[in-house]
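The exercises below concern a single protein model and are meant to be worked with the coordinates open. Each one gives a task and then a solution that proceeds step by step.

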Amino acid sequence: MLLYKPPFLAVDALTVFPDHADPEAFYYLVSVPDLVAEGGEPAFWATAVLPPVAAGSGTGGAPADSSPARASLSFDVRLAATDAALAALPQEIQRHYGRQAKRLTPAPLASGKARLAVARPGGETPSKDLFVYEGQPPSLIDDNRAAFAVAAQGDEAQVLVASLTAGHVPAVVSYELTFLGLAPSFEASMKVHWKEVYRQLRQRDSTNFIFSSEEVDQTVTTLEEHRAIEIEVRELDPEGAKAATKALFDELKSEVIKRLFETPRQAGDVPIEDRIGRGVREVLTSIVPGVAHSLRQVDETDLEDATIDLREQQVKGYPFYPQSTLAGILTRASGASSRLQLVDVDRLPGRVEEVVVEMAGGAGRLGVKTVVLEVQALAAGRDEPLLDQSVELAAAAPGRQVLRYRRPGSEEPALRYRARMALDPALAPDGREIWELDWRPASGQRVWFNPEEWLDVVTLRLEVDDPALFDLPASVDMDVEAWLPGGAAPFRRAHFDFAKGALAQELSIVMSEGQVPALRGRETFRRRGEPDFVRELPDLAGPVHRIMSPFGLAWSMEVRAVADWAQTEALFAELRVRDAARQVWLPDEHRFTAADAIYALRFSTSRETPRKAEARITRIRKDGGIVRGPWTDLAGPVVAVTDAVKAERRVRATLSAPGFVQAAVRKAWVETTYQDPAHGIDASGRLDLNGDKTVADWVHPFPDPSRPTYRYRLRALGEGGERYNAPWAESAADDLDLTLPVSPWDV
């Protein structure tokens with residue numbers, strides 16, 4: 001996506017922006033509008049009606065009376081880069097950025113307006129007063145064409161005509177556009193000296209090392225003064241300093257709670273779930289006020305310095321104001337001055353007038369197929385219109401048609417039109433394929449029909465954030481649904497497939513004026529050998545949706561085997577990482593020997609996944625004996641596994657109980673039992689699981705992996721003495737997922 005990071009490259013009338021991820025992709029905006037040329041002729045028409053001249057005064061005499069002159073002016077402008085400018089741009093990009101530009105595309109626009117500002121007559125001194133004509137909104141696609149139709153009279157008309165004749169028009173054509181860019185809000189890092197952090201917490205006066213969340217927060221905010229942390233903020237957006245610092249401290253508080261404290265518990269009368277609305281990041285119960293934390297007894301030698309890196313980016317709309325004097329536009333478009341017609345008012349009766357009829361470009365993206373325009377010219381005192389003719393225009397080839405009529409006198413006829421618009425059934429809002437539109441006035445002897453005045457277009461740009469996703473390799477597609485409020489079913493569905501050469505796609509939804517759809521999405525990521533990861537998105541807000549890779553965090557861990565190789569033949573390691581976003585295990589394995597005792601464990605995970613792994617070691621002795629150990633946690637850039645393997649199994653139980661507090665559960669636990677009579681084993685355990693998402697481990701002797709089955713049951717006790725006892729169940733899994741019913745006392 002376009003990266004809004006100054007300084008930008010400006011080459012003549014082009015402003016260049018880099019892509020945030022693809023070094024060979026660039027975007028450009030055109031800053032100077034030019035006149036549209038069609039068939040070698042400029043799209044410019046001007047007619048001036050001059051006042052009558054007194055008899056005998058000659059053609060150069062002064063006006064005989066104050067009868068006002070009238071003038072009509074219409075022209076089309078565009079924002080389009082010339083072929084020569086685009087051809088020269090790659091060389092300038094190479095000089096400025098030091099890399100090739102293989103992809104040049106116009107910057108994505110979100111909204112826009114076009115204006116013509118003309119100076120009012122000011123007598124002897126130039127006037128600072130302006131009269132402004134609002135042009136038709138630019139199409140925001142292709143060359144961003146905008147149309148102007150101006151009708152002036154009196155002094156304003158005379159000044160406009162005189163300026164056009166002299167070639168010095170006191171007028172400015174300007175666009176007001178909003179383009180979309182990705183702002184590098186901040187890139188920040190915090191180095192944490194964990195030994196000093198631990199000392200600061202121990203020095204606080206807290207009985208039995210019990211801290212409230214407020215005390216933890218106060219301690220963390222003073223760590224920088226004691227040089228326990230070092231903060232560095234880079235690439236800072238002007239508005240991002242405060243957000244960067246807050247995000248870093250939020251992350252630090254989360255890490256402090258996870259590393260140095262026991263599982264948090266409620267302190268006070270208000271249930272913690274009632275206050276989780278303000279949750280900070282994903283460590284909900286770690287920082288919420290009203291929670292008590294017990295400081296662990298930690299061996300300081302185990303605390304190593306660590307660095308917390310954060311980068312946050314936001315899609316924003318940035319204003320852009322292309323503009324040019326009308327004189328400059330006419331000068332660059334040779335031949336425009338010849339398009340001015342001067343008409344003497346004395347010759348007006350019976351004069352043939354021309355009305356230009358056309359449709360705005362880009363109507364096809366609104367679902368418009370054809371438009372039938374009925375145009376009328378009405379004169380005062382006449383029952384019958386001077387002109388009453390219908391014109392059919394097709395969105396695929398809108399073109400321009402000219403209607404003619406003869407005016408009976410010198411009075412300016414009133415011009416009006418009405419339309420019958422036919423839409424594509426697949427895009428028509430509410431299935432309304434035919435639109436009958438009421439009469440509207442036209443000016444400047446021109447009928448310019450723009451369907452956007454009756455139809456709204458909601459445009460959603462979908463962009464893959466990281467092109468490296470496709471190098472893993474992986475694939476991604478996305479389904480989008482558009483709903484109306486209260487609708488029983490979506491009124492529009494669309495499917496998009498992305499690739500390295502197609503990182504961005506757009507969805508345009510046609511709506512009736514004022515309607516706002518609700519957009520829902522579903523991202524599907526695929527990698528060979530892994531289950532599909534589906535991400536549901538119930539609310540797609542904003543004009544741009546960035547598809548964030550669930551494999552965007554590539555990291556490695558060096559695993560070293562430490563063993564008595566005289567007694568050990570090999571260590572077989574089963575390795576795995578639990579992806580936090582995809583909720584799947586990412587497996588790996590390696591056979592360590594004396595000649596191959598170092599292995600680089602590499603994973604591509606979601607950014608939410610902690611950089612830690614689990615390992616299960618099976619020792620193969622020289623005498624042929626085999627011993628398999630339990631799963632153990634690995635954390636750090638370099639870790640060790642040893643041949644001190646015990647024939648044990650670790651069962652990790654996780655409780656799912658989102659209604660734990662609402663159901664007034666005092667405590668919950670799981671009872672386990674494992675028996676192996678052949679080896680004299682009769683092991684049992686109890687794991688306390690006092691809250692949603694709490695985790696507990698049960699380790700038991702396990703000399704015979706061919707007998708994996710154990711029994712378990714979940715139990716709970718309510719605040720009023722209620723009891724929940726699930727039936728005994730069997731499992732052979734190392735990871736046990738338990739669910740407490742929403743209303744356990746009714747079961």
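**Exercise 1. Trace the salt-bridge network, and examine one pair within it.**

Solution. In this predicted model, Arg576, Glu614, Asp633, Arg650, Arg652, Asp697 and Asp735 are joined in a network of salt bridges. Take the pair Glu614 and Arg576, whose closest N and O atoms are 2.9 Å apart; this separation meets the criterion, which asks for a side-chain nitrogen of Lys or Arg within 4 Å of a carboxyl oxygen of Asp or Glu. Next, place the two partners: Glu614 belongs to strand S40 (residues 612-621) and Arg576 to strand S37 (residues 568-579), so the salt bridge ties together parts that are 38 residues apart in sequence. Finally, check the surroundings, where both Glu614 and Arg576 turn out to be buried.

**Exercise 2. Compare the burial of the partners in two further salt bridges out of the total.**

Solution. The structure holds 45 salt bridges. In one of them, Arg461 pairs with Glu506 at 3.5 Å between the closest N and O atoms, and because Arg461 lies in strand S29 (residues 455-464) while Glu506 lies in strand S32 (residues 504-512), the pair connects parts 45 residues apart in sequence. To classify the partners, recall that buried means under 20% relative accessible area, exposed over 50%, and partly exposed in between. Arg461, with 14%, is therefore buried, whereas Glu506, with 44%, counts as partly exposed.

The second salt bridge joins the side chains of Asp465 and Arg546, at 2.4 Å from N to O. Here the partners are 81 residues apart, with Asp465 in the loop between S29 and strand S30 (475-483) and Arg546 in strand S35. By the cut-off already used, Asp465 is buried at 9% relative accessibility, and Arg546 is buried as well, with a relative accessible area of 16%.

**Exercise 3. Decide whether His545 is buried or exposed, and list what surrounds it.**

Solution. Begin with the location: His545 sits in strand S35 (residues 544-547). Its relative accessibility is 13%, and His545 therefore counts as buried. Leaving aside residues up to four places away in sequence, the residues that His545 touches are Leu460, Arg461, Leu462, Glu463, Met478, Glu523, Leu537 and Leu540.

**Exercise 4. Work out the pairing partners of strand S47 and how far the strand is enclosed.**

Solution. Start with burial: seven of the nine residues of S47 (residues 710-718) are buried, so the strand is largely enclosed by the rest of the structure. Then go through the partners in turn. Strand S44 (residues 665-676) runs antiparallel to S47 and is joined to it by eight bridges, with Val670 opposite Leu714 of S47. Strand S49 (residues 729-731) also pairs with S47 in the antiparallel sense, over three bridges, and there Tyr710 has Ser731 as its bridge partner. Strand S48 (residues 723-725) is likewise antiparallel to S47 over three bridges, Ala716 standing opposite Tyr724. S47 and S48 form a hairpin with four residues between the strands, in which Gly721 takes a positive phi near 90°.

**Exercise 5. Determine where the buried residues of helix H3 lie around its axis.**

Solution. The buried residues of H3 (residues 194-203) are Trp194, Val197, Tyr198, Gln200 and Leu201. Viewed down the axis of H3, these residues fall within an arc of 160°, so they line one face of the helix.

Key. Residues are numbered from 1 along each chain as its sequence is written. This is a predicted model: local features need pLDDT of at least 70, side-chain atom pairs count only at pLDDT 80 or more; totals for chains, interfaces and linings use all residues. Side-chain values use heavy atoms; hydrogens and water are left out. Helices (H or I, at least four residues) and strands (E, at least two) are DSSP runs, numbered from the N terminus. Buried means under 20% relative accessible area, exposed over 50%, partly exposed in between (1.4 Å probe, protein chains only). Contact means heavy atoms within 4.5 Å. The arc is that of the directions from the helix axis to the C-beta atoms. Two strands pair if DSSP finds at least two bridges between them.
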